[in-house]
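Reader: I've got the model open and want to talk through the ligand site and a few spots around it. Can you walk me through them?

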Amino acid sequence: MLWLIVLLVTCLYFYSRKRLKYFSSRGVCTLPPVPLLGNLTAVTLGRENFVEAIAAGYDAFKDQRYFGLYQYLVPTLIPRDPELIRQIMVRDFNSFADRGVHIDADCDPLFGRNLIMLTGSKWRSMRASLSPAFSGARCRSMAPLMADSASAVVNYLRETVKGEQAMDINTITMSYVNDVIASCAFGFAVNSLKEPDNCIFRLGKKAVIQDTNQVMKFFGYENMKSIMKLLQVKIIPTEDAEQFSQLFKSALKARREKLVQPRPDFIQILVDAAQGKAKDTDGNTNNEEKFSDDDLVAQAVLFYIAGYDTTANLIYYFLYEMAVNPRVQDKLYEELSTLPEEEKVQYLYESVQGLEYLDMCVNEVLRLWPLVGSADRRSVAPYDFGPTFPGSKHRLIAPAGIHVWLPIYSIHRDPEYWPEPNVCEPERFSKERKADIVPYTYMPFGNGPRHCIGSRFAVLAAKVFLTKFLRGYKTRAIETSTRLSPRAFILRPADGYQLIVEPRN
Ligand code: HEM
(Lines give C-alpha, C1' and ligand atoms only; values in the text may rest on other atoms or scores of the structure.)
Protein backbone atom coordinates (compact mmCIF):
# COMPACT_ATOMS: atom_id res chain seq x y z
CA MET A 1 0.00 0.00 0.00
CA LEU A 2 2.77 2.39 1.00
CA TRP A 3 4.55 1.90 -2.32
CA LEU A 4 1.32 2.75 -4.14
CA ILE A 5 1.02 6.05 -2.26
CA VAL A 6 4.70 6.83 -2.92
CA LEU A 7 4.17 6.05 -6.61
CA LEU A 8 1.08 8.26 -6.77
CA VAL A 9 2.77 11.19 -5.02
CA THR A 10 5.83 10.86 -7.29
CA CYS A 11 3.65 10.82 -10.42
CA LEU A 12 1.68 13.82 -9.17
CA TYR A 13 4.90 15.67 -8.39
CA PHE A 14 6.34 15.14 -11.88
CA TYR A 15 3.01 15.95 -13.53
CA SER A 16 2.80 19.14 -11.46
CA ARG A 17 6.39 20.10 -12.41
CA LYS A 18 5.60 19.67 -16.08
CA ARG A 19 2.38 21.73 -15.86
CA LEU A 20 4.17 24.47 -13.95
CA LYS A 21 6.62 24.97 -16.82
CA TYR A 22 3.88 26.14 -19.20
CA PHE A 23 4.83 29.80 -19.01
CA SER A 24 8.59 29.62 -18.45
CA SER A 25 8.98 27.31 -21.46
CA ARG A 26 7.28 29.96 -23.59
CA GLY A 27 9.23 32.95 -22.28
CA VAL A 28 6.32 34.36 -20.24
CA CYS A 29 7.29 35.76 -16.81
CA THR A 30 5.79 34.20 -13.73
CA LEU A 31 6.56 34.15 -10.00
CA PRO A 32 8.05 30.82 -8.86
CA PRO A 33 5.13 28.41 -8.37
CA VAL A 34 4.85 25.81 -5.58
CA PRO A 35 4.16 22.20 -6.69
CA LEU A 36 0.40 21.57 -6.83
CA LEU A 37 -0.51 24.95 -5.31
CA GLY A 38 0.97 27.12 -8.06
CA ASN A 39 0.89 30.77 -6.98
CA LEU A 40 -2.06 30.37 -4.63
CA THR A 41 -0.38 29.01 -1.50
CA ALA A 42 -1.27 31.99 0.72
CA VAL A 43 -4.80 32.13 -0.72
CA THR A 44 -5.33 28.43 0.00
CA LEU A 45 -4.07 28.83 3.53
CA GLY A 46 -6.51 31.70 4.05
CA ARG A 47 -3.71 34.28 4.42
CA GLU A 48 -4.39 36.56 1.47
CA ASN A 49 -7.16 37.58 -0.88
CA PHE A 50 -6.58 36.35 -4.42
CA VAL A 51 -6.30 39.93 -5.74
CA GLU A 52 -3.15 40.19 -3.62
CA ALA A 53 -1.71 37.15 -5.37
CA ILE A 54 -2.37 38.90 -8.69
CA ALA A 55 -0.85 42.15 -7.36
CA ALA A 56 2.41 40.37 -6.47
CA GLY A 57 2.95 39.43 -10.13
CA TYR A 58 1.57 42.73 -11.44
CA ASP A 59 4.09 44.70 -9.39
CA ALA A 60 6.99 42.36 -10.18
CA PHE A 61 6.68 42.50 -13.98
CA LYS A 62 6.29 46.21 -14.68
CA ASP A 63 7.88 46.07 -18.13
CA GLN A 64 5.80 43.14 -19.42
CA ARG A 65 2.58 43.34 -21.46
CA TYR A 66 1.36 40.25 -19.64
CA PHE A 67 2.56 37.62 -17.19
CA GLY A 68 1.51 34.19 -15.99
CA LEU A 69 0.09 32.91 -12.74
CA TYR A 70 -0.79 29.35 -11.81
CA GLN A 71 -4.13 28.71 -10.19
CA TYR A 72 -2.87 25.48 -8.75
CA LEU A 73 -1.95 23.72 -11.98
CA VAL A 74 -3.97 25.88 -14.36
CA PRO A 75 -1.91 28.45 -16.29
CA THR A 76 -3.70 31.78 -16.15
CA LEU A 77 -2.66 34.78 -18.17
CA ILE A 78 -2.78 38.27 -16.65
CA PRO A 79 -2.64 41.17 -19.09
CA ARG A 80 -0.97 44.36 -17.80
CA ASP A 81 -1.10 46.44 -20.97
CA PRO A 82 -4.39 48.41 -21.17
CA GLU A 83 -4.45 47.94 -24.96
CA LEU A 84 -4.26 44.16 -24.56
CA ILE A 85 -7.04 44.40 -21.95
CA ARG A 86 -9.16 46.22 -24.53
CA GLN A 87 -8.48 43.55 -27.12
CA ILE A 88 -9.51 40.75 -24.77
CA MET A 89 -12.60 42.43 -23.34
CA VAL A 90 -13.90 44.29 -26.35
CA ARG A 91 -12.21 43.94 -29.75
CA ASP A 92 -11.78 40.18 -29.66
CA PHE A 93 -14.70 39.43 -27.37
CA ASN A 94 -15.82 36.57 -29.61
CA SER A 95 -12.59 34.75 -28.71
CA PHE A 96 -13.16 35.37 -24.97
CA ALA A 97 -16.92 35.10 -24.63
CA ASP A 98 -16.91 32.68 -21.67
CA ARG A 99 -15.79 32.99 -18.08
CA GLY A 100 -13.00 30.98 -16.47
CA VAL A 101 -15.27 29.28 -13.97
CA HIS A 102 -18.07 27.20 -15.35
CA ILE A 103 -20.47 25.26 -13.20
CA ASP A 104 -23.00 23.11 -15.04
CA ALA A 105 -26.68 23.27 -14.18
CA ASP A 106 -26.80 19.49 -13.79
CA CYS A 107 -24.27 19.83 -10.99
CA ASP A 108 -25.63 22.90 -9.18
CA PRO A 109 -29.11 23.54 -10.63
CA LEU A 110 -29.48 26.98 -9.08
CA PHE A 111 -25.98 28.41 -9.41
CA GLY A 112 -25.20 26.81 -12.76
CA ARG A 113 -28.12 28.54 -14.47
CA ASN A 114 -27.33 32.14 -13.56
CA LEU A 115 -26.15 34.69 -16.10
CA ILE A 116 -22.58 34.75 -14.76
CA MET A 117 -22.21 31.03 -15.45
CA LEU A 118 -24.03 30.83 -18.79
CA THR A 119 -22.06 30.41 -21.99
CA GLY A 120 -22.62 30.79 -25.73
CA SER A 121 -26.09 31.40 -27.13
CA LYS A 122 -27.85 30.75 -23.81
CA TRP A 123 -25.83 33.62 -22.27
CA ARG A 124 -26.59 35.96 -25.19
CA SER A 125 -30.29 35.24 -25.03
CA MET A 126 -30.55 35.60 -21.25
CA ARG A 127 -28.42 38.77 -21.23
CA ALA A 128 -30.66 40.35 -23.90
CA SER A 129 -33.76 39.43 -21.89
CA LEU A 130 -32.45 40.77 -18.59
CA SER A 131 -30.84 43.99 -19.86
CA PRO A 132 -34.09 46.01 -19.89
CA ALA A 133 -34.43 45.38 -16.14
CA PHE A 134 -31.34 47.50 -15.57
CA SER A 135 -32.04 50.36 -17.98
CA GLY A 136 -31.88 54.00 -16.81
CA ALA A 137 -35.68 54.25 -16.99
CA ARG A 138 -36.16 51.15 -14.79
CA CYS A 139 -33.65 52.40 -12.26
CA ARG A 140 -35.38 55.78 -12.21
CA SER A 141 -38.65 54.10 -11.29
CA MET A 142 -36.90 52.16 -8.53
CA ALA A 143 -35.33 55.24 -6.89
CA PRO A 144 -38.37 55.96 -4.65
CA LEU A 145 -38.36 52.32 -3.46
CA MET A 146 -34.68 52.66 -2.62
CA ALA A 147 -35.41 55.91 -0.79
CA ASP A 148 -38.08 54.17 1.33
CA SER A 149 -35.58 51.51 2.38
CA ALA A 150 -32.91 54.16 3.11
CA SER A 151 -35.42 56.17 5.18
CA ALA A 152 -36.26 53.06 7.19
CA VAL A 153 -32.57 52.75 8.13
CA VAL A 154 -32.13 56.44 8.94
CA ASN A 155 -35.34 56.45 11.02
CA TYR A 156 -34.10 53.43 12.91
CA LEU A 157 -30.81 55.21 13.59
CA ARG A 158 -32.68 58.30 14.79
CA GLU A 159 -34.39 56.14 17.38
CA THR A 160 -31.28 54.27 18.47
CA VAL A 161 -28.24 56.56 18.04
CA LYS A 162 -28.36 59.51 20.42
CA GLY A 163 -24.78 60.71 20.58
CA GLU A 164 -21.64 59.66 18.75
CA GLN A 165 -21.33 55.89 18.77
CA ALA A 166 -19.13 53.11 17.42
CA MET A 167 -21.16 51.00 15.06
CA ASP A 168 -20.84 47.87 12.95
CA ILE A 169 -21.62 49.43 9.56
CA ASN A 170 -22.10 46.02 8.00
CA THR A 171 -25.32 45.55 9.96
CA ILE A 172 -26.95 48.58 8.44
CA THR A 173 -25.60 48.19 4.91
CA MET A 174 -26.58 44.51 4.65
CA SER A 175 -30.08 45.30 5.94
CA TYR A 176 -30.47 48.21 3.57
CA VAL A 177 -29.28 46.35 0.47
CA ASN A 178 -31.41 43.34 1.35
CA ASP A 179 -34.49 45.54 1.66
CA VAL A 180 -33.69 47.27 -1.63
CA ILE A 181 -33.30 43.99 -3.50
CA ALA A 182 -36.42 42.53 -1.87
CA SER A 183 -38.44 45.57 -2.80
CA CYS A 184 -37.01 46.62 -6.20
CA ALA A 185 -36.44 43.16 -7.55
CA PHE A 186 -39.22 41.06 -6.06
CA GLY A 187 -41.88 43.30 -4.65
CA PHE A 188 -41.49 42.17 -1.01
CA ALA A 189 -41.58 45.02 1.51
CA VAL A 190 -39.30 44.21 4.44
CA ASN A 191 -37.51 46.19 7.14
CA SER A 192 -34.54 44.03 8.07
CA LEU A 193 -33.21 46.26 10.83
CA LYS A 194 -36.49 46.03 12.70
CA GLU A 195 -37.25 42.43 11.72
CA PRO A 196 -33.88 40.78 11.13
CA ASP A 197 -35.51 37.36 11.12
CA ASN A 198 -37.42 37.83 7.86
CA CYS A 199 -36.87 34.84 5.58
CA ILE A 200 -35.55 36.77 2.58
CA PHE A 201 -32.81 38.33 4.75
CA ARG A 202 -31.92 34.94 6.25
CA LEU A 203 -31.66 33.38 2.80
CA GLY A 204 -29.86 36.33 1.23
CA LYS A 205 -27.08 36.15 3.81
CA LYS A 206 -26.50 32.53 2.88
CA ALA A 207 -25.83 33.46 -0.75
CA VAL A 208 -22.90 35.67 0.29
CA ILE A 209 -19.57 33.99 -0.26
CA GLN A 210 -17.41 34.73 2.72
CA ASP A 211 -15.50 31.71 3.82
CA THR A 212 -12.42 30.00 2.48
CA ASN A 213 -14.44 26.84 1.89
CA GLN A 214 -16.73 28.56 -0.60
CA VAL A 215 -13.81 30.36 -2.27
CA MET A 216 -12.07 26.99 -2.68
CA LYS A 217 -15.15 25.52 -4.34
CA PHE A 218 -14.86 28.14 -7.09
CA PHE A 219 -11.17 27.45 -7.57
CA GLY A 220 -12.07 23.76 -7.62
CA TYR A 221 -14.52 24.31 -10.47
CA GLU A 222 -12.01 26.43 -12.35
CA ASN A 223 -9.23 23.85 -11.98
CA MET A 224 -10.70 20.38 -11.50
CA LYS A 225 -14.15 20.60 -12.95
CA SER A 226 -14.57 16.88 -13.59
CA ILE A 227 -13.68 15.93 -10.01
CA MET A 228 -16.01 18.60 -8.60
CA LYS A 229 -18.78 17.31 -10.89
CA LEU A 230 -18.14 13.77 -9.84
CA LEU A 231 -18.38 14.78 -6.19
CA GLN A 232 -21.52 16.84 -6.99
CA VAL A 233 -20.13 19.84 -5.08
CA LYS A 234 -22.71 22.62 -4.88
CA ILE A 235 -22.09 26.33 -4.34
CA ILE A 236 -25.59 26.81 -2.94
CA PRO A 237 -26.54 23.92 -0.62
CA THR A 238 -29.64 21.97 -1.72
CA GLU A 239 -31.75 23.02 1.26
CA ASP A 240 -31.10 26.75 0.70
CA ALA A 241 -31.63 26.34 -3.04
CA GLU A 242 -35.03 24.79 -2.39
CA GLN A 243 -36.06 27.62 -0.08
CA PHE A 244 -34.94 30.23 -2.61
CA SER A 245 -36.85 28.36 -5.30
CA GLN A 246 -40.06 28.22 -3.31
CA LEU A 247 -39.87 31.87 -2.36
CA PHE A 248 -39.30 33.16 -5.89
CA LYS A 249 -41.64 30.71 -7.57
CA SER A 250 -44.42 31.91 -5.30
CA ALA A 251 -43.60 35.51 -6.29
CA LEU A 252 -43.63 34.53 -9.99
CA LYS A 253 -46.96 32.73 -9.56
CA ALA A 254 -48.53 35.72 -7.83
CA ARG A 255 -47.40 37.96 -10.67
CA ARG A 256 -48.56 35.61 -13.42
CA GLU A 257 -51.94 35.11 -11.86
CA LYS A 258 -52.19 38.85 -11.32
CA LEU A 259 -52.74 38.34 -7.59
CA VAL A 260 -50.62 41.45 -7.07
CA GLN A 261 -50.44 44.67 -9.08
CA PRO A 262 -47.79 44.57 -11.82
CA ARG A 263 -44.79 46.73 -10.83
CA PRO A 264 -41.89 47.91 -12.98
CA ASP A 265 -39.52 45.51 -11.24
CA PHE A 266 -37.21 42.64 -11.96
CA ILE A 267 -39.72 39.87 -11.38
CA GLN A 268 -42.00 41.38 -14.01
CA ILE A 269 -39.10 41.35 -16.49
CA LEU A 270 -38.61 37.68 -15.67
CA VAL A 271 -42.30 36.91 -16.21
CA ASP A 272 -42.12 38.72 -19.57
CA ALA A 273 -38.86 37.00 -20.50
CA ALA A 274 -40.38 33.57 -19.91
CA GLN A 275 -43.18 34.47 -22.26
CA GLY A 276 -40.69 35.74 -24.82
CA LYS A 277 -41.97 39.29 -24.51
CA ALA A 278 -38.71 40.92 -23.53
CA LYS A 279 -37.01 43.29 -25.91
CA ASP A 280 -33.35 43.00 -26.74
CA THR A 281 -30.93 45.92 -26.55
CA ASP A 282 -31.91 47.05 -30.08
CA GLY A 283 -35.58 47.13 -29.10
CA ASN A 284 -36.52 44.01 -31.06
CA THR A 285 -38.94 41.59 -29.49
CA ASN A 286 -37.13 38.45 -28.52
CA ASN A 287 -39.40 35.49 -29.09
CA GLU A 288 -36.76 32.95 -29.88
CA GLU A 289 -36.02 31.40 -26.56
CA LYS A 290 -38.21 30.86 -23.54
CA PHE A 291 -36.87 30.12 -20.11
CA SER A 292 -37.99 27.59 -17.55
CA ASP A 293 -38.99 28.68 -14.05
CA ASP A 294 -35.73 27.21 -12.78
CA ASP A 295 -33.85 29.50 -15.17
CA LEU A 296 -35.79 32.46 -13.82
CA VAL A 297 -35.24 31.59 -10.16
CA ALA A 298 -31.52 31.38 -10.88
CA GLN A 299 -31.54 34.97 -12.20
CA ALA A 300 -33.45 36.13 -9.14
CA VAL A 301 -30.81 34.60 -6.88
CA LEU A 302 -28.22 36.41 -8.99
CA PHE A 303 -29.13 39.65 -7.26
CA TYR A 304 -28.01 38.11 -4.02
CA ILE A 305 -24.92 36.42 -5.41
CA ALA A 306 -23.63 39.33 -7.50
CA GLY A 307 -25.29 42.42 -6.12
CA TYR A 308 -25.74 42.08 -2.39
CA ASP A 309 -22.32 41.89 -0.80
CA THR A 310 -20.79 44.12 -3.48
CA THR A 311 -23.24 47.00 -3.03
CA ALA A 312 -23.20 46.73 0.78
CA ASN A 313 -19.39 46.81 0.83
CA LEU A 314 -19.31 49.73 -1.60
CA ILE A 315 -21.35 51.72 0.92
CA TYR A 316 -19.07 50.62 3.77
CA TYR A 317 -15.87 51.58 1.92
CA PHE A 318 -17.44 54.91 0.99
CA LEU A 319 -18.21 55.68 4.64
CA TYR A 320 -14.72 54.50 5.58
CA GLU A 321 -13.05 56.84 3.06
CA MET A 322 -15.19 59.72 4.34
CA ALA A 323 -14.12 58.85 7.88
CA VAL A 324 -10.41 58.99 7.08
CA ASN A 325 -10.69 61.97 4.70
CA PRO A 326 -12.63 64.66 6.60
CA ARG A 327 -11.85 67.25 3.89
CA VAL A 328 -13.70 65.13 1.34
CA GLN A 329 -16.56 64.44 3.76
CA ASP A 330 -17.00 68.17 4.49
CA LYS A 331 -16.97 69.07 0.81
CA LEU A 332 -19.55 66.38 0.10
CA TYR A 333 -21.72 67.57 2.99
CA GLU A 334 -21.66 71.07 1.49
CA GLU A 335 -23.00 69.67 -1.75
CA LEU A 336 -25.66 67.57 -0.01
CA SER A 337 -26.76 70.68 1.89
CA THR A 338 -27.73 72.31 -1.39
CA LEU A 339 -30.60 69.81 -1.74
CA PRO A 340 -34.00 70.96 -0.47
CA GLU A 341 -35.28 69.44 2.76
CA GLU A 342 -35.89 65.74 2.42
CA GLU A 343 -39.67 65.86 2.26
CA LYS A 344 -39.46 68.51 -0.45
CA VAL A 345 -37.21 66.54 -2.79
CA GLN A 346 -39.64 65.98 -5.66
CA TYR A 347 -37.49 64.40 -8.30
CA LEU A 348 -35.30 62.14 -6.24
CA TYR A 349 -33.59 60.39 -9.14
CA GLU A 350 -32.72 63.63 -10.91
CA SER A 351 -31.59 65.26 -7.64
CA VAL A 352 -29.25 62.38 -6.76
CA GLN A 353 -27.93 62.10 -10.30
CA GLY A 354 -27.26 65.84 -10.31
CA LEU A 355 -24.84 65.62 -7.36
CA GLU A 356 -21.53 65.95 -9.18
CA TYR A 357 -19.19 65.68 -6.20
CA LEU A 358 -21.04 62.62 -4.89
CA ASP A 359 -20.52 61.01 -8.28
CA MET A 360 -16.80 61.86 -8.20
CA CYS A 361 -16.52 60.37 -4.71
CA VAL A 362 -18.31 57.14 -5.72
CA ASN A 363 -15.97 56.80 -8.71
CA GLU A 364 -12.92 57.34 -6.52
CA VAL A 365 -14.09 54.85 -3.87
CA LEU A 366 -14.68 52.31 -6.64
CA ARG A 367 -11.16 52.96 -7.92
CA LEU A 368 -9.64 52.35 -4.50
CA TRP A 369 -12.01 49.49 -3.66
CA PRO A 370 -13.25 47.83 -6.86
CA LEU A 371 -15.29 45.23 -5.02
CA VAL A 372 -14.77 42.65 -7.74
CA GLY A 373 -10.99 42.96 -7.95
CA SER A 374 -10.54 40.76 -11.00
CA ALA A 375 -12.77 39.75 -13.92
CA ASP A 376 -12.26 36.40 -15.60
CA ARG A 377 -12.43 35.12 -19.14
CA ARG A 378 -11.63 31.87 -20.95
CA SER A 379 -10.66 31.79 -24.61
CA VAL A 380 -12.97 29.89 -26.94
CA ALA A 381 -10.56 30.05 -29.91
CA PRO A 382 -6.75 29.98 -30.34
CA TYR A 383 -5.27 33.41 -29.60
CA ASP A 384 -2.04 35.25 -30.27
CA PHE A 385 -1.31 37.53 -27.28
CA GLY A 386 1.56 39.25 -29.13
CA PRO A 387 5.09 39.88 -27.77
CA THR A 388 5.61 39.59 -24.01
CA PHE A 389 6.99 43.14 -24.10
CA PRO A 390 7.50 45.53 -27.04
CA GLY A 391 10.32 44.11 -29.17
CA SER A 392 10.44 40.76 -27.31
CA LYS A 393 11.18 37.61 -29.30
CA HIS A 394 8.74 35.68 -27.12
CA ARG A 395 5.00 35.67 -27.72
CA LEU A 396 2.28 33.44 -26.38
CA ILE A 397 0.06 31.79 -28.95
CA ALA A 398 -2.38 29.79 -26.84
CA PRO A 399 -4.95 27.19 -27.87
CA ALA A 400 -8.63 27.67 -26.94
CA GLY A 401 -9.26 27.27 -23.21
CA ILE A 402 -6.61 29.57 -21.76
CA HIS A 403 -7.79 31.29 -18.56
CA VAL A 404 -7.40 35.06 -18.25
CA TRP A 405 -7.73 37.20 -15.11
CA LEU A 406 -8.12 40.93 -15.68
CA PRO A 407 -6.27 42.68 -12.84
CA ILE A 408 -8.81 45.40 -11.98
CA TYR A 409 -7.57 46.01 -8.41
CA SER A 410 -3.90 46.22 -9.44
CA ILE A 411 -4.45 48.52 -12.38
CA HIS A 412 -6.59 50.86 -10.25
CA ARG A 413 -3.64 51.23 -7.87
CA ASP A 414 -0.90 51.48 -10.50
CA PRO A 415 1.08 54.74 -9.99
CA GLU A 416 1.79 54.84 -13.72
CA TYR A 417 -1.88 55.68 -14.31
CA TRP A 418 -2.91 57.02 -10.89
CA PRO A 419 -0.37 59.32 -9.16
CA GLU A 420 -0.38 58.67 -5.40
CA PRO A 421 -2.68 55.73 -5.98
CA ASN A 422 -3.54 55.07 -2.34
CA VAL A 423 -4.78 58.62 -1.73
CA CYS A 424 -8.52 59.26 -1.97
CA GLU A 425 -8.81 62.19 -4.39
CA PRO A 426 -12.28 62.45 -5.98
CA GLU A 427 -11.02 65.33 -8.16
CA ARG A 428 -9.42 62.70 -10.43
CA PHE A 429 -12.95 62.25 -11.77
CA SER A 430 -13.81 65.94 -12.21
CA LYS A 431 -15.09 67.04 -15.61
CA GLU A 432 -11.74 68.67 -16.35
CA ARG A 433 -9.54 65.71 -15.39
CA LYS A 434 -11.71 62.78 -16.42
CA ALA A 435 -10.47 62.98 -20.00
CA ASP A 436 -6.89 62.30 -18.79
CA ILE A 437 -7.77 58.81 -17.57
CA VAL A 438 -6.01 56.24 -19.75
CA PRO A 439 -8.67 53.99 -21.35
CA TYR A 440 -8.98 50.54 -19.71
CA THR A 441 -7.22 51.58 -16.50
CA TYR A 442 -10.53 52.18 -14.71
CA MET A 443 -13.13 49.44 -14.83
CA PRO A 444 -14.81 48.70 -11.50
CA PHE A 445 -17.65 47.04 -13.42
CA GLY A 446 -15.50 45.25 -15.99
CA ASN A 447 -15.82 46.04 -19.66
CA GLY A 448 -17.17 44.89 -23.01
CA PRO A 449 -20.31 42.81 -23.63
CA ARG A 450 -19.86 40.88 -20.36
CA HIS A 451 -19.56 43.97 -18.16
CA CYS A 452 -21.59 44.09 -14.95
CA ILE A 453 -25.27 44.19 -15.80
CA GLY A 454 -26.20 45.68 -12.41
CA SER A 455 -23.77 48.64 -12.26
CA ARG A 456 -26.44 51.33 -12.66
CA PHE A 457 -28.65 49.70 -10.04
CA ALA A 458 -25.76 49.31 -7.56
CA VAL A 459 -24.48 52.88 -7.92
CA LEU A 460 -27.97 54.36 -7.62
CA ALA A 461 -28.77 52.26 -4.53
CA ALA A 462 -25.51 53.38 -2.93
CA LYS A 463 -26.05 57.05 -3.82
CA VAL A 464 -29.62 57.12 -2.49
CA PHE A 465 -28.48 55.64 0.81
CA LEU A 466 -25.41 57.87 1.13
CA THR A 467 -27.41 61.02 0.37
CA LYS A 468 -29.85 60.28 3.16
CA PHE A 469 -27.30 58.97 5.63
CA LEU A 470 -24.63 61.64 5.23
CA ARG A 471 -27.10 64.49 5.56
CA GLY A 472 -27.87 63.26 9.07
CA TYR A 473 -24.61 61.64 10.19
CA LYS A 474 -20.85 62.03 10.06
CA THR A 475 -18.41 59.12 10.18
CA ARG A 476 -15.03 58.91 11.91
CA ALA A 477 -12.52 56.07 11.90
CA ILE A 478 -11.64 54.00 14.95
CA GLU A 479 -8.71 52.31 13.31
CA THR A 480 -7.31 52.63 9.84
CA SER A 481 -6.46 49.05 8.93
CA THR A 482 -7.18 48.38 5.27
CA ARG A 483 -6.26 44.69 5.25
CA LEU A 484 -8.39 42.69 2.85
CA SER A 485 -10.27 39.67 4.07
CA PRO A 486 -8.70 36.51 2.65
CA ARG A 487 -11.98 34.67 3.09
CA ALA A 488 -13.95 36.30 0.30
CA PHE A 489 -13.94 36.71 -3.43
CA ILE A 490 -14.85 40.32 -3.21
CA LEU A 491 -12.94 43.03 -1.37
CA ARG A 492 -14.07 43.29 2.21
CA PRO A 493 -12.23 44.48 5.31
CA ALA A 494 -10.40 41.82 7.33
CA ASP A 495 -10.67 43.73 10.59
CA GLY A 496 -14.37 44.42 10.78
CA TYR A 497 -16.70 47.24 9.92
CA GLN A 498 -16.54 49.46 12.98
CA LEU A 499 -16.80 53.21 12.41
CA ILE A 500 -17.88 56.02 14.70
CA VAL A 501 -21.20 57.48 13.63
CA GLU A 502 -22.05 60.95 14.90
CA PRO A 503 -25.44 62.64 14.41
CA ARG A 504 -25.26 66.13 12.84
CA ASN A 505 -27.30 68.42 15.07
C1 HEM B 1 -20.80 47.84 -6.37
C2 HEM B 1 -21.43 46.81 -6.85
C3 HEM B 1 -20.94 45.92 -7.96
C4 HEM B 1 -19.68 45.79 -8.49
C5 HEM B 1 -18.40 46.52 -8.10
C6 HEM B 1 -19.78 44.80 -9.55
C7 HEM B 1 -18.71 44.41 -10.36
C8 HEM B 1 -18.79 43.47 -11.36
C9 HEM B 1 -17.69 43.06 -12.19
C10 HEM B 1 -16.27 43.61 -12.15
C11 HEM B 1 -18.15 42.11 -13.03
C12 HEM B 1 -17.34 41.38 -14.11
C13 HEM B 1 -17.50 42.14 -15.41
C14 HEM B 1 -16.66 41.60 -16.54
O15 HEM B 1 -16.35 40.42 -16.55
O16 HEM B 1 -16.32 42.40 -17.45
C17 HEM B 1 -19.55 41.91 -12.74
C18 HEM B 1 -20.36 41.02 -13.40
C19 HEM B 1 -21.70 40.87 -13.12
N20 HEM B 1 -22.45 41.59 -12.20
FE21 HEM B 1 -21.80 43.03 -10.98
N22 HEM B 1 -21.06 44.36 -9.63
C23 HEM B 1 -21.82 45.03 -8.69
C24 HEM B 1 -23.18 44.93 -8.47
C25 HEM B 1 -24.03 44.12 -9.18
C26 HEM B 1 -25.48 44.07 -9.01
C27 HEM B 1 -26.31 44.95 -8.07
C28 HEM B 1 -25.93 43.11 -9.84
C29 HEM B 1 -27.39 42.77 -9.99
C30 HEM B 1 -27.90 41.71 -10.38
C31 HEM B 1 -24.79 42.57 -10.57
C32 HEM B 1 -24.83 41.57 -11.51
C33 HEM B 1 -23.74 41.13 -12.25
C34 HEM B 1 -23.83 40.08 -13.26
C35 HEM B 1 -25.08 39.31 -13.65
C36 HEM B 1 -22.56 39.94 -13.81
C37 HEM B 1 -22.15 38.96 -14.93
C38 HEM B 1 -22.55 39.56 -16.28
C39 HEM B 1 -22.34 38.59 -17.43
O40 HEM B 1 -21.54 37.68 -17.32
O41 HEM B 1 -22.99 38.83 -18.46
N42 HEM B 1 -23.65 43.20 -10.14
N43 HEM B 1 -19.91 42.75 -11.71
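Author: Let's start with Cys452, which sits in the loop between helix H18 (431-434) and H19. Helices here are DSSP runs of H or I with at least four residues, strands are E runs of at least two, and both are numbered from the N terminus. The model is predicted, so local features need pLDDT of at least 70 and side-chain atom pairs count only at pLDDT 80 or more, while totals for chains, interfaces and linings use all residues. Residues are numbered from 1 along each chain as its sequence is written, and side-chain values use heavy atoms, with hydrogens and water left out.

Reader: Which protein atom is the donor to the iron atom of the ligand?

Author: Donors are N, O and S atoms within 2.8 Å of the metal (3.2 Å for Na, K and Ca), and since water is not among the atoms, sites may look incomplete. The iron has a single donor from the protein, 2.3 Å away: Cys452 (SG).

Reader: Which element gives the most residues to the shell around the ligand?

Author: A residue is near the ligand if one of its heavy atoms lies within 4 Å of it. Around the ligand there are 30 residues, with Trp123, Arg127, Arg377, Arg450 and Cys452 coming nearest. By class they split into 19 nonpolar, 7 polar and 4 charged, where Ala, Val, Leu, Ile, Met, Phe, Trp, Tyr, Cys and Pro count as nonpolar, Asp, Glu, Lys and Arg as charged, and the others, Gly among them, as polar. The top contributor, with 7 residues, is H13.

Reader: How far is an oxygen atom of the ligand from an N or O atom in the side chain of Arg450?

Author: A polar contact is a pair of N or O atoms within 3.5 Å; within protein, one must be able to donate a hydrogen and the other to accept it, and residues adjacent in sequence count only if both atoms are side-chain atoms. For a polar backbone atom of Asn447, the distance to a ligand oxygen is 3.2 Å. For the side chain of Arg450, it is 2.8 Å.

Reader: Why does Asn313 count as buried or exposed?

Author: Asn313 lies in helix H13, and its side chain makes a polar contact with the side chain of Tyr497 (2.7 Å). Buried means under 20% relative accessible area, exposed over 50%, and partly exposed in between (1.4 Å probe, protein chains only). Asn313 has 0% relative accessibility, so the label is buried.
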